[in-house]
Amino acid sequence: MTAGLDRAHRETIFVEEAEVLSHHHLEGDQHILRVQAPETAHHAQPGQFAHIRCHPLLPMRRPLSIMRTDARKGWVEFLYKVVGEGTRLLARRVPGERINLMGPIGRPFTLLADRRQPLLVGGGVGIPPMVFLADAMRRAGGYAPFAVLGSEVPFPFRARPSAFQVPGMPEGVIGAMPLLEDWGVASRLASLQGYAGCFEGYVTGLARLWLEALPEHARAQVAVYACGPHPMLEAVALLAGEFGLPCQVSLEEFMACAVGGCAGCTVRVRTPDGPAMKRVCVDGPVFDAAAVFGTD
Amino acid sequence: MQADDADKLRLDFCGLPFNTPLVLLSGCVGFGEEYTRVTGFTHFDVGAVCLKGTTLEPRLGNPPHRVCETPAGMLNAIGLQNPGARYVVDEILPRLPFAETRFIANLSGSTVEEYAEVARIFDDSPIDAMEVNISCPNVKEGGVAFGNDPDMSARVTEACRKVTDKPLIVKLSPNQTDIAENARRCLEAGADAFAVINTLMGMAIDIESRAPVIGNNQGGLSGPAIKPVALLKVHQVYQVCRDHGVPIIGQGGVASPEDAIEFLIAGATAVGVGTGLFYDPLLCAKINAGIVDYLDRHGLATVGQITGSLVLNDEGGSCAGG
Ligand SMILES: Cc1cc2nc3c(=O)[nH]c(=O)nc-3n(C[C@H](O)[C@H](O)[C@H](O)COP(=O)(O)OP(=O)(O)OC[C@H]3O[C@@H](n4cnc5c(N)ncnc54)[C@H](O)[C@@H]3O)c2cc1C
Ligand SMILES: Cc1cc2nc3c(=O)[nH]c(=O)nc-3n(C[C@H](O)[C@H](O)[C@H](O)COP(=O)(O)O)c2cc1C
Ligand code: FES
C-alpha cells in the first residue's frame, strides 16, 4: 500500500526550543534577533522562514524570514520590525530565554545557472531574505549579485561608502550595506527620506538605472529576486517584465499553521489550468512573479 | 510510547480501530499529509485524521485575510477551498498512508442532493468514515441553514445514510438553540456518531480602517476561547447518545492533556485537535502521554473508562449564569 508514495515532504520542518543568543534593538523599532536553532540553521535555504512563538502568553505563531544562518555554530538570525502585539512581545525577549520556533519552512529562491548577474531587491523587512540569498550566491560561487535595498525608516545597519563600482549609479549614490560589502557583494540603498549616500526614490528607480546601464550581454545574465511590500513587488515584477527578465518574488500573508494544513495563507496565482489559490507557507513564500502579477 | 501504554489508548470507534482517542480536525490538516512535514509528528499518535471539507465541485475559497488571532483563539473563513470530491478520491486518497491511521472525509454541500452525491463518491473509495459538516458557517450559500435547523440536519443525514454503509459522523453546530434535539433527530435519521462542536461565528475589526480583519467579514471562532461552550454541548449531546452507544468526537479548544481529559469526562469517546496544532505541532504526543499518566494515577486500564465519567454536583440546576 505504501509503495510509490512520495514522502519527500516528511520531516523537513523542525521544532526547536531556541535560546536567544543576542537581541539588538535598532532605530525604527527594528530588531535583530539571533537564536541557537541548529536544525533550522543546518537546513535553511534563502527565502525560507521560521514560524515563531513570540511569547509564551501569545499562542499563535508569527512568520519571520531567515536572514542569516551559521550551520556550523548552529545559529539563525532574524530582522523584524514591531508592528503589533506579536512582534512587540518578541522584542522583549532577552538572551538566555528560549523561543519555540518551527523551521525552516517554505519553497526557497531558485538560483539560475544561466543567470550569473542576479538583481536582489529588498524593501524594509523584505531585506532579510536578500541578505541570505546574497550569502548563498557567494558560497555557490560564479555569481555577481547586485542588491538594491530600500527603507523608509533608518536602515537596520550603518551604511558604508561602497568599494564597488556599479554601472548606472547617479553621483553620490555610494552607500552600501557593510555585511554585503564584506562578502564582496555590491549593494546600493534607496529611500524617499533623503538619507546620506542613498538614492532618493524607489528601489525600482535605482534598479532601472542599473539595468539600462548594463551592456546587452550582461543584461541577459540578470534574474530578479524581490521581497518587500506588495506594491513594491508589483513594481519590480513590472520592471522585470519590461526587460524580459525572470523574476521571483517572496510574498506575505497572515498564517495559522505554516505547514500547509489550514489554507489560511493563500494568494491567487495563475496556473496553466487557470486561477488557483496557493498557500504562501508551503507553495511559497517564493513565487514566480508572472504567476502572481500576470492577468488571468 | 511503550507498547502497554499504547494499548491503554487504543479504542474502537464505530468499528474502526483507533491508535489513540485523538482526531485531527477538518480544515486544520489539509488532506492528511501536511503535518508529517514536522519532525517528531506521526500519524500513529492519532486515531483518525479528518480531511478538509469537500464539495462536489472544486472551490477556490474566500479572499484574504482568511485567518487572524483573537483572544485565546482565532477566526477563520477559508471558504471551503477544495479540489472537489472526484479529485480527492482519485488523486489524494491513493496516496494516503492508511497503514498509519484512519482517514475520515468531511462532506459539505449547498443542497441535500450535493451532500448525497459527495457521500456517494466517497462511499466508493477506501475512506474509513464520513463526517457530515452540516454546520460549516463560512460559505454563504451552504452550511448555516442545515446545521441550525433540526429538520434540515436530519434530511442531510438521511440522504447521506441512504448512499453509504460507512460510519457516518454528523458534525453539529453550536450556533443553534437546542443541540440535543438536533442530535436526537440526526440519530433517528441514521447518524452513527457525532462531532461536537464546530466553530462559533465571530468578527474582528481593524479600528484604523474600520473594516473586518477577515476578508469574508465574519469567520468561525476556534481555540481555547470556545472550550467551555464545547464541553457543555458535548455533555448535552452525550445525554442523547449514552443509551444508544453512539460515540462523540469532542472538540473545541483542546490545547493540553487536561483539556482532552475534560472532553472525555464530559462524554466524548474521541477528542479532536485543530487550532491547538497551530500552537504546538507536537501537541498530540504530549496529550497521549498526559492521558496515560492520568489513567495510571486513577487506576484505570483504558481510555474508554474515562468517557462519560462526569460526576455532577448535586445542587446543580439548569438555570445558567448570574
Ligand atoms: C513568509 C513571511 C516572512 C516574513 N518575514 C518578516 C521579516 O523577516 N521581518 C518582519 O519584520 N516581518 C516579516 N513578516 C511579517 C510578520 O510576520 C508580521 O509583521 C507579523 O506577523 C505581525 O505580527 P504582530 O502580532 O506583531 O502584528 P499584528 O498586526 O498585531 O498581527 C495581527 C495578526 O496579523 C498577522 N499579520 C499582520 N501582518 C502580517 C504580515 N505582514 N505578514 C503575515 N502576517 C501578518 C499576524 O500573524 C497576526 O495573526 C513576514 C511574513 C511572512 C508571511
Ligand atoms: C482553519 C480552519 C478550517 C476549518 N475548516 C473546516 C472544514 O472544512 N470543515 C469542518 O467541518 N470544520 C472545519 N473547521 C472546524 C474544525 O474542524 C473544528 O471543529 C473547530 O476548529 C474546533 O476545534 P479547535 O478549537 O480544536 O480548532 C475548521 C477550523 C479551522 C481553524
Ligand atoms: S498557514 Fe496554514 S496553510 Fe499556510
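**Two ligand sites and a helix of chain B**

Around ligand 1 there are 25 residues, the closest being A:Tyr80, A:Gly84, A:Gly86, A:Thr87 and A:Val125. The model is predicted, and the description that follows rests on its computed geometry. Ligand 1 lies between chains A and B. Chain A contributes strand S4 (62-65), strand S6 (75-81) and helix H2 (85-90), and chain B contributes strand S5 (67-70); each of these elements supplies at least two residues of the shell. By class, the shell around ligand 1 comprises 15 nonpolar, four polar and six charged residues.

The second site involves ligand 2, which is surrounded by 31 residues. The closest are B:Gly27, B:Gly53, B:Ser222, B:Gly274 and B:Thr275. Two or more residues of this shell come from each of S4, strand S14 (219-222), strand S16 (270-273) and helix H9 (275-279) of chain B. Because residues from chains A and B surround ligand 2, this site is shared between chains. Its shell holds ten nonpolar, 19 polar and two charged residues.

Strand S4 (48-54) of chain B also takes part in the packing of helix H3. This helix covers residues 112-123 of chain B, and its twelve residues, at 1.5 Å a residue, should span 16 Å; the end C-alpha atoms are 16 Å apart, which agrees. Which residues of H3(B) are buried? They are B:Tyr115, B:Ala116, B:Val118, B:Ala119, B:Ile121 and B:Phe122. In an α-helix there are 3.6 residues a turn, so residues three or four places apart point the same way. Besides strand S4, the buried residues of H3(B) pack against helix H2 (85-92), strand S7 (102-107), strand S8 (129-133) and helix H5 (150-163) of chain B.

Conventions: Residues are numbered from 1 along each chain as its sequence is written. Chains are lettered from A and ligands numbered from 1 in the order in which they are written. This is a predicted model: local features need pLDDT of at least 70, side-chain atom pairs count only at pLDDT 80 or more; totals for chains, interfaces and linings use all residues. Helices (H or I, at least four residues) and strands (E, at least two) are DSSP runs, numbered from the N terminus. The expected span of a helix is 1.5 Å times one less than its number of residues. A residue is buried if 20 or more other C-beta atoms lie within 10 Å of its own, exposed if 12 or fewer, and partly exposed in between; C-beta atoms are placed from the backbone. Two residues are in contact if their C-beta atoms, placed from the backbone, lie within 7 Å. A residue is near a molecule or strand if its C-beta atom, placed from the backbone, lies within 6 Å of it. Ala, Val, Leu, Ile, Met, Phe, Trp, Tyr, Cys and Pro count as nonpolar, Asp, Glu, Lys and Arg as charged, and the others, Gly among them, as polar.
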